[in-house]
Amino acid sequence: MRKSENEFFLVAMNEFFSTRALICLGDLFHISSKEGDSPLAERIFVLCNRTWNILTILIQIAKQPFVDLRLASYRCLLELSRSTWAISALNNEPGFLEFLLNRSTEKDKEGKEAKFAIIRTICEDAEETKTILGNVNFLKLRRYLNEGVFYVEPEANVAFQGSND
């Protein structure tokens with residue numbers, strides 16, 4: 001194998017293993033809706049944060065151009081957003097809400113749906129979420145939900161008579 005082929009193979013394998021690792025992490029964070037807050041998921045989260053700042057890493061991965069990695073990162077964030085302790089941690093993460101509410105960061109259908117699912121999950125327990133995020137941020141999330149997954153901000157174009165000169 002030539003050097004360039006070898007490098008390509010290593011990059012592809014790295015992305016594959018990173019995606020698989022994120023999917024496994026999402027499985028560890030999974031909480032069934034019947035359980036409520038899971039102490040095991042919280043413990044795993046705390047242990048991950050001892051070594052890495054897991055939320056910062058997940059958000060950085062969600063900003064990368066690789067669809068599989070982004071979707072796996074969104075899945076981890078979705079699983080975390082099922083718990084009140086994790087919503088509080090997400091709220092304390094600098095730039096998280098701005099990233100989540102910014103529709104221009106996602107171009108793919110799957111990515112838009114994944115971000116929407118995270119917001120919908122965060123807003124499920126309205127009173128608890130309002131307490132954690134504050135009324136202003138909660139209203140921003142509710143607006144995002146009401147606008148829907150594929151909402152596009154309308155652009156106003158004004159034509160002037162005689163502007164063809």
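**Cysteines, salt bridges and the largest pocket**

Zero disulfides are found in a search of the whole structure, which is a predicted model. Cysteine 24 takes part in no disulfide, and the nearest cysteine sulfur, belonging to cysteine 76, is 9.4 Å away. Cysteine 76 is likewise in no disulfide; here the nearest cysteine sulfur is that of cysteine 48, at 9.2 Å. Because a disulfide requires sulfur atoms within 2.5 Å, neither cysteine 24 nor cysteine 76 qualifies. The surroundings of these two residues can be described as well: cysteine 24 is partly exposed, with a relative accessible area of 41%, whereas cysteine 76 is buried, at 0% relative accessibility.

Turning to charged side chains, eight salt bridges are found in the whole structure. One of them joins arginine 70 and aspartate 108, with an N to O distance of 2.7 Å. Arginine 70 belongs to helix α4 and aspartate 108 to the loop between α6 and α7, so this pair ties together parts that lie 38 residues apart in sequence. Arginine 70 is buried, at 8% relative accessibility, while aspartate 108 is partly exposed, at 26%.

The loop between α6 and α7 also holds arginine 103, whose partner glutamate 147 lies in helix α9; the pair therefore ties together parts 44 residues apart in sequence. The closest N and O atoms of this salt bridge are 3.2 Å apart, and glutamate 147 is partly exposed, with a relative accessible area of 24%.

Within helix α7, glutamate 113 and lysine 109 are four residues apart, about one turn of the helix. These two form a salt bridge with closest N and O atoms 2.9 Å apart. Glutamate 113 is partly exposed at 31% relative accessibility, and so is lysine 109 at 47%. Elsewhere, Asp27, Arg75, Glu79 and Arg82 are joined into one network by salt bridges that share partners.

The largest pocket has a volume of about 290 Å³. Its lining comprises 14 residues, of which Leu101, Arg103, Tyr144, Glu147 and Tyr151 are the closest to the centre. Two or more lining residues come from each of α7 (109-122) and α9 (135-147), with α9 giving the largest share, four residues. By class, eight lining residues are charged, six are nonpolar and none is polar. Arg103 and Glu147, both among the residues closest to the pocket centre, are the partners of the salt bridge described above.

Finally, helix α5 (residues 84-92) has Trp85, Ala86, Ile87, Ala89 and Leu90 as its buried residues. These pack against α2 (39-51), α3 (54-62), α4 (67-80), α6 (96-101), α7 and α8 (126-133).

Conventions:
Residues are numbered from 1 along each chain as its sequence is written. This is a predicted model: local features need pLDDT of at least 70, side-chain atom pairs count only at pLDDT 80 or more; totals for chains, interfaces and linings use all residues. Side-chain values use heavy atoms; hydrogens and water are left out. Buried means under 20% relative accessible area, exposed over 50%, partly exposed in between (1.4 Å probe, protein chains only). On a 1 Å grid over the protein atoms alone, a cavity is a set of points where a 1.4 Å probe fits but cannot get out, and a pocket is an open set with protein on both sides within 12 Å along at least five of seven lines; lining residues have an atom within 4 Å of a point. Grid points are joined across faces, edges and corners, and a volume is the space filled by probe spheres set on the points. Ala, Val, Leu, Ile, Met, Phe, Trp, Tyr, Cys and Pro count as nonpolar, Asp, Glu, Lys and Arg as charged, and the others, Gly among them, as polar. Contact means heavy atoms within 4.5 Å. A salt bridge is a side-chain nitrogen of Lys or Arg within 4 Å of a carboxyl oxygen of Asp or Glu.
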